[in-house]
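Me: I'm new to this structure and would like a close look at one part of it. Could you walk me through it in a friendly way?

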Amino acid sequence: MQFQQLQYFVAVAEARHFTRAAELVHVAQPSLSQQIKALERELGADLFLRARGNITLTDAGEALLPLARRILADADTARHEVQELVQLRRGRVRLGATPSLCTGLLPDVLRAFHDRYPGIRLLVEEGGSHDLVRGLARGALDLALVVLPLPTPAPALTTVELLREDLVVVSSPEAPVPGRGGRAVEIADLEGERLVMFRHGYDLRELTVAACRSAGFEPEFAVEGGEMDAVLGFARAGLGVAVVPRMVAARAGQGLRVTPLARPGLHRTIALAHRSDVAPPRAARELQRMLLEH
C-alpha cells in the first residue's frame, strides 16, 4: 500500500468521480485509475462500485476511508512539524558554557537569539571545560563554550576559536589597591595578597594558580570553593582579591575596583566546540553563527 494510492482513493471517495478526482490531485485520469486498481489488488477487495455516472463506496471502501483520512492527516502533521523545525519556529538548543561566560558573553547573544527565534528553547548547562567536553561526547550537549587548551585531548570534537579575553583583578574599593598601588598589577604583586578562589575544576582557578607558581610563589587563599557570583560577592565584601575575566568585571556593577594586569598579563582563549561526527541541529548551527559573529 502506497501513500499516493491513499491520496487518490480519498480524492475519488470525496469527488465521486474519477476524472474530477484526477484533476484535484493533478494526475492523468488513467494513472489514477491504475493506482486505485493496484490498491484494490493489494487489499483483496473492491473499494468502489462503478456504474456509469455513479461512483459509490463498497463496504470495504467505507471501512478504509476514515483510516486513509487519518493517515493522510498524520502525514500532513508530520510534514508541518518538520517544516516548523527546519524554519526555526520550534526546537531546542542544548548549550554548555563555563559560569563566567554565562555571566559575561552569553546574555546578549542569547537575548538576540531568543528575539529572533522565540519558539526555540534554550537549555544552558554550566560547568568547567572538562565536564562540558564529557557532555558533548555523550550527546548531552549540542554546543559548548570551552577554554583552550582542553583539559584532555578530544579528537572527536571540532573547536573554533571565538575570542581571547583579558583577565583583571577585582577588589573592594574600600580595601588597599592590590600590589604596589599602581595602575596595573604584576602577577608577582599577588604574592602576599589573599585571594578569593574558585572551586576545583574551574578553568580560572587552574589558570590563576599556574600563573602564580610560574612567578615563583604559592597563592594564599582567603576563601575558596565559590562559583562566579560568590567570588564576586566575596571580593566586593573585602575578603580578598579575585582574578576574573574582563567581561565579567564590566558586568559586575558598582562596588568593585577593577585593576588590569600588567603586560603580558593573563588571557584565556574561548572556543566553540561540537562533536565532529554529528552535525549540530539547525537551531544549534544558527546559534553558533550568531556567537561567531558577536
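Is Arg 194 buried, partly exposed or exposed, at its relative accessibility of 41%? Please start there and then show me what lies around that part of the chain.

Reply: Happy to! Please keep in mind that this is a predicted model.

Arg 194 counts as partly exposed, because its relative accessibility is 41%. Its partner is Glu 220: the two form a salt bridge, with the closest N and O atoms 3.0 Å apart. Glu 220 belongs to strand S8 (residues 220-226) and Arg 194 to strand S7, so this pair ties together parts that are 26 residues apart in sequence. Glu 220 is partly exposed as well, because its relative accessibility is 37%. As for the idea behind such a pair, side chains of opposite charge can pair when their charged atoms come close.

Now follow strand S7, which covers residues 194-198, along to Phe 198. Phe 198 is one of the residues that touch the most other members of the largest nonpolar core, a group of 31 residues. Val 170, Met 228, Leu 232 and Val 244 share that role. Strand S7 gives two or more residues to this core, and so do strand S6 (157-171), helix H8 (203-214), helix H9 (228-236), strand S9 (242-245) and helix H10 (246-251). Leaving aside neighbours within four places in sequence, Phe 198 is in contact with residues including Leu 204, Arg 205, Met 228, Val 231, Val 243 and Val 244. Glu 224, Gly 225, Gly 226 and Glu 227 are also among its contacts. A second, separate core holds 25 residues, among them Leu 105, Phe 113, Val 147 and Ile 270.

Phe 198 also helps to line the largest cavity, which has a volume of about 40 Å³. Strand S7 gives the most to this lining, with four residues, while S7, H8 and S9 each supply at least two. Besides Phe 198, the lining includes Leu 195, Val 196 and Met 197, along with Leu 204, Thr 208, Val 241, Ala 242 and Val 243. By type, the lining divides into eight nonpolar residues, one polar and no charged.

Helix H8 takes us on to the largest pocket, where about 240 Å³ of space lies. Of the 15 residues lining this pocket, the closest to its centre are Val 147, Pro 149, Asp 203, Glu 206 and Leu 207. Strand S5 (143-148), H8 and strand S11 (267-275) each give two or more residues to the lining, and the largest share, four residues, comes from H8. This lining divides into eight nonpolar, four polar and three charged residues.

Let's finish by returning to salt bridges, since Arg 194 is where we began. The count comes to 17 salt bridges. In one of them, Arg 251 pairs with Asp 108, the closest N and O atoms being 2.8 Å apart. That pair links distant parts of the chain, with Arg 251 in helix H10 and Asp 108 in helix H6, 143 residues apart. Asp 108 also forms a salt bridge with Arg 111, the closest N and O atoms being 3.7 Å apart. Asp 108 and Arg 111 both lie in helix H6 (residues 106-116), about one turn of the helix from each other. Asp 108 counts as partly exposed at 31% relative accessibility, whereas Arg 111 counts as exposed at 54%. Elsewhere, Arg 116, Glu 286, Arg 289 and Glu 293 are linked in a network of salt bridges.

Notes:
Residues numbered from 1 in each chain as written. Predicted model: local features only at pLDDT ≥ 70, side-chain atom pairs only at ≥ 80, totals over all residues. Heavy atoms only, no water. Core = buried A, V, L, I, M, F, W, Y, C linked by side-chain atoms within 4.5 Å. Buried < 20%, exposed > 50% of the residue type's maximum accessible area, 1.4 Å probe, protein only. Contact = heavy atoms within 4.5 Å. Salt bridge = Lys/Arg side-chain N within 4 Å of Asp/Glu carboxyl O. 1 Å grid on protein atoms, 1.4 Å probe; cavity = no way out; pocket = protein on both sides within 12 Å on 5 of 7 lines; lining within 4 Å. Points joined across faces, edges and corners; volume = space filled by probe spheres on them. Nonpolar A, V, L, I, M, F, W, Y, C, P; charged D, E, K, R; others polar.
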